[in-house]
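This report looks at the surroundings of a bound ligand and at the enclosed empty space in a protein model. Please keep the structure in view while reading.

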Amino acid sequence: MRNEQKKYYIATFGCQMNVHDSEKMAGILNSNDYKEVSSAQDADVVIFNTCSIREKAEHKFFSELGRIKMLKKKKPGLKIAVAGCIAQQHGKKLLKRASFVDCVIGPQNIHQIFDTLQHADRSAVTSGGNETIAETEMPVFRKTDISALVNIMYGCNNFCSYCIVPHTRGREQSRASQSIINEIRSLAEKGYKEVTLLGQNVNSYASDLDFPELLAKINEIEGILRIRFVTSNPKDLSEKLIEVMRDSEKICEHLHLPLQSGSTKILSMMNRKYSYEKYFQKVELLRKMIPDIAITTDIIAGFPQETDDDHALTMNSLRELSFDGIYAFKFSPRKGTSAALMDGQVDQTVRAERLQEILDIQNDITELKNKKLEGTTQEILIDGIDEKDSGLYTGRTRTNKIITVPKNDNIRKGLLLNVLINQANRHSLNTIL
Ligand code: SAH
Ligand code: SF4
Ligand code: F3S
């Protein structure tokens, strides 16, 4: 007689890399007779796929973990696994800190998730790096059906002084181009229309092809209509890449290009390896070669030794560069990174004030930029149904702006169409068709 299928629930925190790792863990478990359920209450196994990028992300996980402890008291057979960046960072120590955790598995070891759960005996699989992760093919179980995430590289070599990622994800490894292309071809056969290529620094992709060459190849894959990629590091953004973006009709006119600070002094302390002037020149070139491109960025407020003048430079950079959107964060010292030990840590309240000023100024800029789209025609890809209003479809413009579209008989998911933008808000655009 067949054993009853084990039920698992995955709670995912953090970036798209983690979202995709969860899709891979689900793929592996599904092909080993496990079944995904949508709540921890219904599960035999709960996997936390964690993020340690900032203190807040860590807190979020530890408070969820506290909640699951109660559930385990009621359901002693429940297995609890911790995966992701916190798992890698804390390793075995997590087992000590939380006696109800059964196993810990790092992001470079997710291919071992099934075996680890089989012997969930308070073990930690985080030792060393996985030097062959880029060659490890894993089944993927995606919940999306139009747009798919695809890893092109793993790890990071940059060691920005504030960042935990190189410590949790190991050194850069690029997947062979053929393996990426095969995966995207099979996605196209399944009906996917859009791919987002993932890497901590996609433009340092280096295998048998470089990143622009890889993009040009993917642009030829039939059935795929749109190509996106995250994240690009300004230091490696080449003219060759901008040319390929301009010349490949499927590559969307959007670039996420984290600036972090408008002060060259702070950028240097961050080990970003570009000056503000260099960044500015790259944006100018991008806008010259691809006039409609949308550029988004990340900013850190209150890095060690950031003075009022440095902060003013960041504020000025936002005015000057006029981003389509930003993600801004208070500096959060991460154990094991060099910035955590720097002199001149900025007072928490100052960090918060600076962050608020950054968000306020950018809110106006984002809204103004979106308003400019009112009355224009934009190509959109319909990719889902609005979570709040099931009478609306959602889609994205090529510039990655969210748009809502009223339902009608001619509209379906996966459709690419040109629409008139009737109304623009800070967070989304609307069309009445
Ligand atoms: N690989 C990507 C981003 C990774 S993390 C890149 O290089 O752009 C995403 C963002 O989190 C970073 O761009 C940075 O702005 C922010 N971040 C990373 N570490 C941080 C820290 N210690 N404190 C505050 N923000 C941080
Ligand atoms: Fe972190 Fe810098 Fe690597 Fe991005 S490039 S993951 S910010 S170390
Ligand atoms: Fe991503 Fe968080 Fe790790 S942002 S790489 S899951 S620290």
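What follows describes the ligand shell, then its polar contacts, and then the cavity.

The model is a predicted one, and the description below should be read with that in mind. Around ligand 1 there are 15 residues, among which Gln 200, Pro 258, Gln 260, Asp 298 and Ser 332 come nearest. Sorted by class, this shell is made up of six nonpolar, four polar and five charged residues. Two strands, β13 (294–301) and β14 (325–330), each contribute at least two residues to the shell around ligand 1.

Three side chains place polar atoms at the following distances from atoms of ligand 1.

| Side chain | Atom of ligand 1 | Distance |
|---|---|---|
| Arg 54 | oxygen | 3.0 Å |
| Gln 200 | nitrogen | 2.8 Å |
| Gln 260 | oxygen | 2.7 Å |

Ligand 1 has 540 Å² of accessible area on its own, and the protein covers 90% of that area. Gln 200 and Gln 260, which appear in the table through their side-chain contacts, are also among the residues that come nearest to ligand 1.

How many cavities of 30 Å³ or more does a search of the whole structure find? The search finds one cavity of that kind, and the largest cavity holds about 40 Å³ of space. Its lining consists of Pro 107, Gln 108, Ile 133, Tyr 154, Gly 155 and Arg 169, a set that divides by class into three nonpolar, two polar and one charged residues.

Terms used: Residues are numbered from 1 along each chain as its sequence is written. Chains are lettered from A and ligands numbered from 1 in the order in which they are written. This is a predicted model: local features need pLDDT of at least 70, side-chain atom pairs count only at pLDDT 80 or more; totals for chains, interfaces and linings use all residues. Side-chain values use heavy atoms; hydrogens and water are left out. A residue is near a molecule or strand if one of its heavy atoms lies within 4 Å of it. A polar contact is a pair of N or O atoms within 3.5 Å; within protein, one must be able to donate a hydrogen and the other to accept it, and residues adjacent in sequence count only if both atoms are side-chain atoms. Accessible areas come from the Shrake-Rupley method with a 1.4 Å probe; for residues, only the protein chains shown count as cover. Helices (H or I, at least four residues) and strands (E, at least two) are DSSP runs, numbered from the N terminus. Ala, Val, Leu, Ile, Met, Phe, Trp, Tyr, Cys and Pro count as nonpolar, Asp, Glu, Lys and Arg as charged, and the others, Gly among them, as polar. On a 1 Å grid over the protein atoms alone, a cavity is a set of points where a 1.4 Å probe fits but cannot get out, and a pocket is an open set with protein on both sides within 12 Å along at least five of seven lines; lining residues have an atom within 4 Å of a point. Grid points are joined across faces, edges and corners, and a volume is the space filled by probe spheres set on the points.
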